[in-house]
Amino acid sequence: MNTTTSTGFLDALLKDRLPTDQYDWLQSRMKLLNNEDSLRDIHITFGLIPRRLGREDLSVTAEESATAESLVHGWKLSGWSIDMTARILLLCNIAHQTNRDFAALFKSMCQTADLGESISLYRGTALYPQSDELDKQIGEGLRTNIRAVFEAIAHDNPYPARHFSELRWNHMVLKALFVDSTLHPIHGLDERSNPELARILCDYAHERWSASRPVTPELWRCVGPHATGSMVDDLQRAAESQNSLEQQGAILALCACSDPKAQAILRNYPEKARAVANGELSWDSIAQQIDQRG
Amino acid sequence: MMFIDPHAHMISRVTDDYEAMAKAGVVAVIEPAFWLGQPRTHVATYMDYLSSIIGFERFRAGQFGIRHYCTIGLNSKEANNEELAEAVMEILPQFALKEGVVAIGEIGYDEQTDLEDKYFRAQLELAKELDLPVMIHTPHRDKKRGTSRSMDVCIEHGMDPSKIVVDHNNEETVREVLDRGFWAAFSIYPSTKMGNSRMVDILAEYGAERIMVDSACDWGISEPLGVAKTAALALERGIPEENVRLVCYQNALDAYGQSGQMKEDDWLNPPPVDQRGLYEGNSVLRGGREPVIDDNADKHTLNKLIIE
């Protein structure tokens, strides 16, 4: 089996986990892709996959995670299930083994998808042949109100960092906050941060403060490296928060900020600054606390 | 007590209804594809409707800790628009295998026209091909004859009555439906269908075998607590608790569970994949009576002015 391609790797993951009869069924359905009536077969196979193969978690090993990363930088299999993997394998096979207009098929499948199908369709976006048409549909997916579908695109998916324009990227980060999602699983969060996003997030923090609502500490992660002027004042305000997590986020952001004023503020928090320096306080430690809080 | 409402058009209901149903013990609802009040004129709007009840409505229910299932079909009213009906028949197979589709339905007769008959039969064949149960809508007018005829056609097509739920029964139709081996559902719907006091009389007379209660709540004046209120009234009037459990929970699960798409584990022990944001869990099941701060009691009066 060829595990040097993402398609081959998906196939291997399933072969290692599925009983022979289930794996054989999947193989037999894959053989129908080039038949005359293949569109009907594709829809039926896509619908039958969870019924035939189940919906168990994929539960990958460390070695498998490393293989995924080596094949596509940023590709994480956390949260993948058997049926999702099989559906994405089906889509990859359609893309690579048929003459079908993949982006058009992807669009029509998204339009009639149930929730599990939507999540699978968007989870695999980094593995499909890229095109403007595909990109448009992914933008459409981002407009969902369903958090789990939004996260299929935004979380642990290398596609946005690699392909999104700055406008769409910034919108995605802000929307994550609006739908009560988290930022740390967004691949490329630090690399793609930018001054415009920092400004938008500070404006958003002000809206939250006006409404007496909490501000997630993760927000400051995208602000720190770009903070100047009044944005540094915002970091100071967050550092003075009574909420320990909010304060931790602000301190970390101040540490990442090159504005001299930031360094002056940090002198008021010598212990916290030391915790940052020795690695006890980091965005990872904040992420852990957020995830535990659920 | 846990309840299933096996007939509820939640797409027409507001979030208050979901809250009230969850609080009353409803753990699952089945949303039959039906007419929206305003006739559809294009197959594309029909597709978007089916996508809604498969997708967003299922998600919306999950936020209130209620599991949402649906049935897929061409309803009898719109079967009379032949151009639309033909197009809908073509797209139905694409929807009938989606997650949570527990039957082909609600299908059957409205005015008992030739077109209604044609598409009713075609959908029975589809149900047979896909091995799905069927939910039958019996007509408001000429009900008794329409109900008998619906069952005759099912038998003619070689359908197994144990996979067919005949809905909207009343005192006049129930005997024949049960005698012929079909499931008999009753819609507790004010004014036009059954009242729950009459329903309790039926339970006293016929027992609980193959009988189920639903609300059929929709965009009309209807009662989303129809199942829970009927259960309470039945218990109050001395119907055995086990019979109440059967008609307000278990029978619906047994009938529609034949699709393979609806299991008790869905709400008692949801799979991890669903806990990632698709289903919030039911507060009734999460240790029962969490202290409910009764903020909501005044929600629709001007006594509580603060909106946060």
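Here is a short conversation about the sheet of chain B and its contact with chain A.

Visitor: What kind of model is this, and how are its parts numbered?
Guide: This is a predicted model, where local features need pLDDT of at least 70, side-chain atom pairs count only at pLDDT 80 or more, and totals for chains, interfaces and linings use all residues. Residues are numbered from 1 along each chain as its sequence is written, while chains are lettered from A and ligands numbered from 1 in the order in which they are written.

Visitor: Why are β1 and β8 of chain B said to stand at the edges?
Guide: The open sheet runs β1-β2-β3-β4-β5-β6-β7-β8 in chain B, with parallel pairing. There, β1 (3–5) and β8 (211–214) each have a single partner strand, so one side of each lacks a neighbour in the sheet.

Visitor: What makes β2 and β3 of chain B a pair?
Guide: Pairing takes at least two bridges found by DSSP between two strands (DSSP runs of E, at least two residues). Five bridges join β2 (residues 26–32) to β3 (residues 67–72) in chain B, so they meet that definition. One of the links is B:Pro32 with B:Thr71.

Visitor: Why is β3(B) called largely enclosed?
Guide: A residue is buried if 20 or more other C-beta atoms, placed from the backbone, lie within 10 Å of its own. Six of the six residues of β3(B) are buried, so the rest of the structure largely encloses this strand.

Visitor: How many residues of chain B are in contact with chain A?
Guide: Contact requires C-beta atoms, placed from the backbone, within 7 Å. By that definition, 19 residues of chain B touch 18 of chain A.

Methods: Helices (H or I, at least four residues) and strands (E, at least two) are DSSP runs, numbered from the N terminus. Two residues are in contact if their C-beta atoms, placed from the backbone, lie within 7 Å. A residue is buried if 20 or more other C-beta atoms lie within 10 Å of its own, exposed if 12 or fewer, and partly exposed in between; C-beta atoms are placed from the backbone.
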